[in-house]
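Let's work through a few short exercises together. Have the sequence and the 3D view ready, and try each task before you read its solution.

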Amino acid sequence: MSDYLAKINGVDDLKKLKGSQLKELAAEIREFLLENISKTGGHLASNLGTVELTIALHHYLNSPTDKIIWDVGHQAYTHKILTGRRDCFANLRQKDGMSGYPKCAESPHDIIGAGHSSTSISAAVGLAMAGENLDEMGDIYAVIGDGALTGGMAFEALNHAGHIGADINVILNDNEMSISNNVGAISNYLANLRNDPTLKRVKEDIEFLINKIPRFGKTVSNTVDRVKSALKYSFIQGVLFEEFGFNYLGPVDGHDIIELMKYFKQAEAIEGPVLLHVITKKGKGYPPAENNPDKFHGVGAFNIEDGSSKTVKTKASYSKVFGETLTRMAESDKKIAGVTAAMPSGTGMEIFARSYPERYYDVGIAEQHAVTMSTGLARGGMKPVCAIYSTFLQRAYDQVIHDAAIQNLDLTIAVDRAGIVGNDGETHQGLFDYSFLRPVPNLVMMAVRDAEQLQHMLYTAVNYEGPAVLRYPRGSAAGDYKPLKVEELKNLEIGKAEELIKIEAEMDLTILAVGSTVYPAQKAAEILNNNGYKTALVDARFIKPLDEEMITRALKNSKNIITVEEQVLAGGFSSAVLELAADRGISPKNIRRIGVGDEFVSQGGMDEMKKEYQLDARGILKNALSLLAQAEEVNKLWPEKKD
């Protein structure tokens with residue numbers, strides 16, 4: 001195999017290759033992606049599917065003068081390779097390394113940063129409008145997947161672009177997948193377009209014929225328009241996009257570089273918005289990913305030979321504990337329904353779906369719809385449990401307030417991937433949910449510390465009459481996971497904290513921890529007590545409502561207070577504690593807040609980033625000793641490990 005890839009240091013080098021050379025380059029890039037992602041982890045299947053499409057785009061266009069906007073951005077690895085970042089892949093998604101998503105600070109070719117879905121067309125419209133005003137914009141291409149097209153924002157942008165005749169090109173990358181299988185009418189519509197072998201020929205023939213119908217006078221002209229419309233609706237599938245004001249081209253084979261560039265040229269000749277329907281295969285060229293694209297959407301390090309993971313998981317994840325517990329509860333409670341927004345495997349909801357498909361609803365990438373549909377289920381007498389990642393729940397904030405909380409409806413929102421999530425970086429950290437949910441009236445919010453508590457909290461949330469939020473982190477569940485029978489599950493007292501190490505009079509220190517920070521706080525507290533520092537520990541359990549009585553007692557009986565939360569400090573748990581102190585007229589002498597400051601948390605391993613923000617046991621101990629004016633003792637009580 002010729003080593004074309006080694007000579008590609010930028011898009012100008014790519015343009016020197018022609019025909020079969022580009023096909024060989026695509027094979028080299030696939031080999032490069034497999035070799036590197038198998039070591040670092042990352043998004044595999046989506047990137048294997050867009051190799052030829054990306055080569056064609058960069059060969060035909062002149063980036064960054066011409067703008068390529070990647071929706072979500074998890075399919076842009078080839079884009080990064082071709083724009084001079086091939087040598088950065090050894091540190092892909094690692095701390096201080098290259099992002100797995102487009103990032104403006106990395107390259108002028110990353111014109112718009114991304115990480116969440118359905119944003120690319122809106123950004124393209126804005127760029128087109130800026131170009132009209134500044135007269136210095138090149139061609140604009142937005143690349144959006146068929147999964148992302150289910151997001152409402154994409155249709156808002158299509159509607160506006162068609163209305164104003166924005167000069168943009170939208171590439172619909174149709175691989176029949178988002179992360180899991182696509183759902184809904186749009187998915188079915190695209191399948192009809194994709195699977196009709198005569199579509200392209202019929203479309204071209206019908207358009208040729210209807211444009212040849214002559215016009216004589218106003219009456220005949222109106223009749224001709226009606227005939228044209230009828231023929232379009234009868235024969236031209238793609239009319240949905242045409243009715244949005246777009247010129248529809250395709251479908252075209254997304255793995256044929258030369259054919260793709262012919263269509264780009266055709267799109268360039270059309271004034272106004274164009275939608276080019278491109279068919280690709282997720283996982284292309286690597287059989288394990290082709291056969292299981294959802295499994296290979298986002299992967300850790302793996303063995304190339306068979307696709308098996310290099311990491312052996314010995315403990316159940318929080319998502320699995322959630323899914324199994326919900327399934328056991330649903331056996332005796334026929335009103336329980338499961339809702340997710342295109343994340344059945346990630347949230348553990350697929351476990352529920354296997355047992356109760358008639359009570360399971362995957363709405364696609366549509367978090368707003370998921371929450372409001374859940375309120376409809378609740379109003380109809382069901383007990384919906386809507387599982388959404390913390391970072392994606394941000395998109396449904398209005399629905400949480402307007403549709404769930406104001407109406408005080410009986411539903412549960414399971415907030416998965418809460419806190420630091422690791423290598424996906426800024427766009428995926430779940431660090432804001434305490435702050436944006438805590439002010440909402442009628443809402444109850446719990447944070448899980450371990451596998452056992454998750455089971456009791458889920459049972460409590462489902463049986464609470466009103467909107468309840470259950471928050472838990474990514475990864476392996478703390479504590480021992482013993483699946484509890486439904487009759488063993490407990491309804492927790494709403495707003496009641498748990499005193500893990502008793503608050504007595506004249507405490508040197510009380511640590512107020514919540515959720516994932518309880519276990520490391522407990523380890524730090526035990527070390528302090530074993531070394532003569534009188535230390536209490538409270539698991540707050542509830543962010544809203546707070547256990548005001550217990551926290552007030554801690555504030556009054558402790559010389560020093562530490563709050564610990566795996567989220568931003570502004571408006572979070574510590575803010576609630578300080579507000580309570582002010583409301584009760586308590587003037588605490590020494591309070592140390594541990595959490596994330598006024599910044600976005602970058603990518604890195606979860607343990608690595610928790611250490612950086614002092615959310616691990618050693619970090620909590622270090623803060624405690626500093627507060628106790630014994631900062632120098634930290635290395636004696638917990639020596640720093642050498643790498």
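**Exercise 1: a helix and its neighbours**

Describe helix H22, then find what its buried residues pack against.

Step 1. Helix H22 covers residues 518-530, which is 13 residues, and spans 18 Å from first to last C-alpha, close to the 18 Å expected at 1.5 Å a residue. Helices here are DSSP runs of H or I with at least four residues, and strands are runs of E with at least two, numbered from the N terminus. The expected span is 1.5 Å times one less than the number of residues. This is a predicted model, where local features need pLDDT of at least 70 and side-chain atom pairs need 80 or more, while totals for chains, interfaces and linings use all residues. Residues are numbered from 1 along each chain, and side-chain values use heavy atoms, without hydrogens and water.

Step 2. Among the buried residues (under 20% relative accessible area, 1.4 Å probe, protein chains only; exposed is over 50%, partly exposed in between) are Val518, Ala521, Ala525 and Leu528.

Step 3. The buried residues of H22 pack against strands S14, S15 and S16 and helices H26 and H27, with contact meaning heavy atoms within 4.5 Å.

**Exercise 2: a salt bridge**

Which parts of the chain does the pair Asp508 and Lys559 tie together?

Step 1. Their side chains meet in a salt bridge at 3.7 Å, N to O (a Lys or Arg side-chain nitrogen within 4 Å of an Asp or Glu carboxyl oxygen).

Step 2. Asp508 lies in the loop between S14 and S15 and Lys559 in the loop between H23 and S18, so the pair ties together parts 51 residues apart in sequence.

Step 3. Asp508 is buried at 17%, whereas Lys559 is partly exposed at 42%.
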